[in-house]
Amino acid sequence: MMTQAFLNLRSSFYLIFILSLLFCKPERSVTDFYPEPLPTLDSGNESLDSFKGKVVVLDFWATWCEPCAKAVPTINQWKASVSTTDFVFRGINTDTTEPLEKIKKDRERLKMNYPTLLDKDWKMTDFYQVEGIPCLLVFDRSGKIVYRQYGLASSDLSGLVIRSHVWAASELP
């Protein structure tokens, strides 16, 4: 014969179970991708969400930044060493007042082998709390930030290439 305490416990269990079905939803995949599209140099727009499933590398730079210019050859070499099916590289230009033509010419002068997006109002820069440039951000295939580096020298290339193998081998959760 069941005691009253056992019946109350069983009723409470059923109530909690039913409420958990109603209110506890499975956790969705969380991403660190900036939610808004940014303008491209050719008057289009691009959203980081479109790159989910790939390792995304962002290079924050400006036309006046000498360390940014020195980082570009290393990023170009890094980009050439990885698969374009696994990796996406984008520059994020942070110039607030430079005309579009100057940014385009500087990108060509620097021989930047990856497209650039424009962040003139620093919304993406602030979103990622970029505290200086050049700044590299790397996102895994699910869109989570897995690496941040300020400044870049040619001596950093081998470490980035080694890390790239780990990032490329990661799978979506």
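Here is a short walk through the fold of this protein chain and the nonpolar cores inside it. Keep in mind as you look around that the model is predicted.

Let's start with the layout. The protein chain holds five helices and seven strands. If you trace the elements from the N terminus, their order reads α-β-β-β-α-β-α-β-α-β-β-α. Contacts then tell you how these pieces meet: among those with a separation of 6 or more, 71% join residues that lie 24 or more positions apart.

Next, consider the surface and the interior. The protein chain exposes about 10,300 Å², and carbon and sulfur atoms supply 58% of that area. Of the 173 residues, 38% are buried. In soluble globular proteins, nonpolar side chains tend to be buried together, which is a good reason to look at the cores.

The largest nonpolar core has 27 residues, and V57, I75, W78, F89, L136 and V138 have the most contacts inside it. Two or more residues come from each of β3 (55–61), α2 (66–80), β4 (87–93), β6 (135–139) and α5 (157–169). With six residues, α2 gives the most to this core.

V57 is a handy place to centre your view. Leaving out residues up to four places away in sequence, V57 touches W78, then F87, V88, F89 and R90, and also L136, L137 and V138.

Finally, turn to another core, which lies apart from the largest one and has 17 residues. L48, F60, V130 and F139 are among its members.

Technical notes
Residues are numbered from 1 along each chain as its sequence is written. This is a predicted model: local features need pLDDT of at least 70, side-chain atom pairs count only at pLDDT 80 or more; totals for chains, interfaces and linings use all residues. Side-chain values use heavy atoms; hydrogens and water are left out. Helices (H or I, at least four residues) and strands (E, at least two) are DSSP runs, numbered from the N terminus. Buried means under 20% relative accessible area, exposed over 50%, partly exposed in between (1.4 Å probe, protein chains only). Contact means heavy atoms within 4.5 Å. Accessible areas come from the Shrake-Rupley method with a 1.4 Å probe; for residues, only the protein chains shown count as cover. A nonpolar core is a set of buried Ala, Val, Leu, Ile, Met, Phe, Trp, Tyr and Cys residues joined through side-chain atoms within 4.5 Å.
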